[in-house]
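Notebook open, viewer loaded. I'm jotting down what I look up as I go, strands to begin with and charges after that.

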Amino acid sequence: MNELKPKRGVAIIGIGITKFGEHWNLGLKELAVQAGTKAVEDAGISGEDIQLVVGGNMSSGLFTGQEHEAGLLADYLGLNPIPAIRTEGACSSGGLAMRVGCLAVASGMYNFVAVGGVEKMTDVYGPQATTALSGAMDYETEAYFGATFPGIYALIARRHMHEYGTTRKQLSLIAVKNHRNALHNPYAQYRKKITIGDVEKSMMVADPLRLLDCSPITDGAATVILAPADLARKYTDTPIYVRASAQASDTLSLFSRRSITTLDATVYAAKEAYRQARLSPKDIDFAEVHDCFTIAEICAYEDLGFTEKGKGGKLIEEGETEMGGKIPVNASGGLKAKGHPVGATGIAQIVEIVKQLKGEAEKRQVKNAELGLAHNVGGSGATATVHILSRDR
Amino acid sequence: MAKEFAVPFHWRRFKERYRLIGSRCDHCEKCFYPARVICPGCRRGGHMKEIKFSGKGKVHSYTIIRVPPEGFREYIPYIIVIVELEEGAKVLSQIVDCEPKDVKIGMRVTSCFRRIRTENETGLVLYGFKFRSV
């Protein structure tokens with residue numbers, strides 16, 4: 001990758017998030033407005049200060065009939081006539097919004113940017129939601145033949161087990177950990193402890209993945225307010241600095257990849273992020289990774305460099321990614337238990353990392369949290385973003 | 001996959017879905033499915049030509065779909081496989097005439113022509129290649 005240099009540093013001065021779950025009384029715009037208002041209040045600025053809205057959203061059209069999501073956000077947040085841009089990269093739409101917001105501030109074009117993510121998924125029935133999500137893969141060569149999203153990750157899981165001896169129990173341990181962490185997150189969709197037995201007795205969705213290997217269908221929104229690092233202290237005593245913002249692409253179809261057990265987009269985005277921050281994987285204190293399925297978290301451990309390729313299963317089995325382990329992963333409950341409103345997920349991860357770095361994560365607080373990493377994936381890995389945040393500039 | 005499209009949406013894919021035709025780069029000799037105009041390795045240095053795959057290959061990974069997308073309910077459970085073709089490219093489709101318990105990584109397969117599903121509103125019958133054990 002080329003040596004790109006930002007003109008100035010970027011900081012997060014405010015965060016806002018809705019409860020994740022099934023919101024019968026809240027539509028797309030209400031969810032976005034709730035998270036947006038909280039973030040503006042948290043930043044201690046007023047609506048007039050905001051100069052740009054970036055809204056991540058995967059498929060509001062298929063989920064709610066409404067496209068033109070960024071226009072809707074600016075309108076109902078009362079922010080017209082400032083510009084509003086929608087970013088779409090399937091389940092990494094939120095991560096892309098964060099990145100576009102960072103570019104806007106780092107370039108010197110804008111001072112205050114509201115970066116949001118929203119998805120309203122429960123206004124359609126299960127099979128329609130499955131269909132909407134299948135647009136994240138290669139539609140004409142994967143979805144056409146009857147592949148589903150869990151099916152695609154099941155192909156990864158089966159091959160990972162074959163190549164590296166990853167076990168059923170190791171997959172289950174991911175779900176058990178993330179549900180245990182979500183017990184202490186008041187915004188999580190499922191605050192319910194589960195056991196290995198629960199996972200292994202749950203309904204088979206796509207062998208070897210069962211229902212409790214899969215993240216749920218969720219409504220939710222999250223917003224962060226970005227500002228130039230030099231101005232951040234005027235608005236908050238505890239700005240959180242963006243040390244790296246990286247993104248990479250790979251083939252849309254899983255079968256076209258160099259390897260189906262490595263997400264090269266994650267590998268490249270992580271490498272670039274570590275380069276920008278002048279850090280290595282072992283410097284990271286904790287992470288929020290994209291666990292849309294249990295196998296995805298195991299691949300993330302390897303592709304982000306927390307362990308060697310093939311040893312992701314061992315990392316969870318040795319407890320290294322549990323709270324109190326060497327590198328706690330998904331303290332929020334992850335996509336698995338916190339919920340996965342696809343377009344909001346990338347921003348929700350940033351919100352969690354900000355809370356942890358500020359020491360405001362209450363009972364799920366990671367000890368000595370100074371450097372946090374957020375990893376967001378679109379589809380089966382055609383897009384990945386990696387952000388590294390810290391308390392120090 | 002159940003949104004129903006106009007006929008040309010499917011018609012323009014007949015070659016790749018009915019006859020398993022992809023492309024091969026003259027420069028690096030790599031094969032691709034589906035066909036590409038640009039070789040991702042050689043870009044403009046390459047020259048893509050049509051190739052008809054033999055349809056022979058082995059199972060690289062598999063899963064059994066139990067929760068179907070729209071349009072596939074009547075077919076569950078069905079087996080989805082990634083097959084590594086002998087020319088080197090990989091493809092994704094279903095395995096037929098095989099019990100879910102019998103599918104294995106490394107199993108030798110060959111392509112066959114089968115119905116994929118029937119659309120509800122247009123009545124269009126969609127076809128394509130699938131695989132069977134040899």
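**Entry: a strand in chain A and its partners**

I started in E7(A), where A:Thr223 is the bridge partner of A:Gly116. Note to self: this is a predicted model, so I'm reading computed values throughout.

A:Gly116 falls within the stretch covered by strand E4 (residues 113–119) of chain A, and that strand is joined to E7(A) by 7 bridges, running antiparallel. Next I looked for what else pairs with E7(A). Strand E1 (residues 10–17) of chain A does, again antiparallel and through 7 bridges. On that side A:Gly16 stands opposite A:Thr223. I wrote down the general point as well: strands of a sheet pair through backbone hydrogen bonds, either parallel or antiparallel.

Is E7(A) enclosed or open to the outside? I checked the burial: 9 of its 9 residues are buried, so the strand is largely enclosed by the rest of the structure. In a regular strand the side chains alternate between the two faces of the sheet, which made me split the list by face. One side of E7(A) has A:Gly220, A:Ala222, A:Val224, A:Leu226 and A:Pro228, and the other has A:Ala221, A:Thr223, A:Ile225 and A:Ala227. Both faces are covered.

**Entry: salt bridges**

I ran the search over the whole structure and got 25 salt bridges over all chains. I picked a few to look at.

The side chains of A:Arg168 and A:Glu200 meet at 3.9 Å, N to O. With the cut-off at 4 Å, I still count that pair. A:Arg168 is in helix H7 (residues 168–182) of chain A and A:Glu200 in helix H8 (residues 196–201) of chain A, so the bridge ties together parts 32 residues apart in sequence. A:Glu200 is partly exposed, at 29% relative accessibility.

A:Arg168 also has a salt bridge with A:Asp213, at 2.9 Å, N to O. This pair links distant parts of the chain too: A:Asp213 sits in the loop between strand E6 (209–210) and strand E7 (220–228) of chain A, 45 residues from A:Arg168 in helix H7. Buried or exposed, I wondered about A:Asp213? It counts as buried, because its relative accessibility is 0%.

One more pair: A:Glu302 and A:Lys309, with the closest N and O atoms 2.7 Å apart. A:Glu302 is buried at 6% relative accessible area, while A:Lys309 is partly exposed at 29%. Back to the earlier trio for a moment: salt bridges that share partners join A:Arg168, A:Glu200 and A:Asp213 into one network.

**Entry: strands in chain B**

I moved over to chain B and found an open sheet of 3 strands, in the order E2-E1-E3, with antiparallel pairing. Which strands are at the edges? Strand E2 (31–32) and strand E3 (48–52) of chain B, each pairing on one side only. Strand E1 (residues 21–25) of chain B is joined to E3(B) by 5 bridges, antiparallel. For a register check I noted B:Gly22 opposite B:Ile51 in E3(B).

Further along, strand E4 (residues 56–65) and strand E7 (residues 108–118) of chain B pair in the antiparallel sense over 3 bridges. There I put B:Lys58 opposite B:Arg108 in E7(B). E7(B) also pairs with strand E8 (residues 125–133) of chain B, antiparallel, over 9 bridges. In E8(B), B:Phe129 is the bridge partner of B:Phe113. E7(B) and E8(B) make a hairpin with 6 residues between them. I looked at the turn for odd backbone angles and got B:Gly123, with a positive phi of about 75°.

**Entry: surface patches**

Last stop, the surface. In chain A I found a negative patch formed by A:Glu41, A:Asp42, A:Glu360 and A:Glu362. A:Glu41 is in helix H1 (residues 28–43) of chain A, and it is exposed, at 61% relative accessible area.

In chain B I found a nonpolar patch of about 330 Å², made by B:Val7, B:Trp11 and B:Phe14. B:Phe14 lies in helix H2 (residues 14–18) of chain B. I checked how open B:Phe14 is: 34% relative accessibility, which means it counts as partly exposed.

Technical notes. Residues are numbered from 1 along each chain as its sequence is written. Chains are lettered from A and ligands numbered from 1 in the order in which they are written. This is a predicted model: local features need pLDDT of at least 70, side-chain atom pairs count only at pLDDT 80 or more; totals for chains, interfaces and linings use all residues. Side-chain values use heavy atoms; hydrogens and water are left out. Patches are made of residues with over 30% relative accessible area and no salt bridge: like charges are joined within 9 Å, nonpolar side chains (Val, Leu, Ile, Met, Phe, Trp, Tyr) within 5 Å. Accessible areas come from the Shrake-Rupley method with a 1.4 Å probe; for residues, only the protein chains shown count as cover. Lys and Arg count as positive and Asp and Glu as negative; His and the chain ends are not counted. The place of a charge is taken as NZ of Lys, CZ of Arg, CG of Asp or CD of Glu. Helices (H or I, at least four residues) and strands (E, at least two) are DSSP runs, numbered from the N terminus. Buried means under 20% relative accessible area, exposed over 50%, partly exposed in between (1.4 Å probe, protein chains only). Two strands pair if DSSP finds at least two bridges between them.
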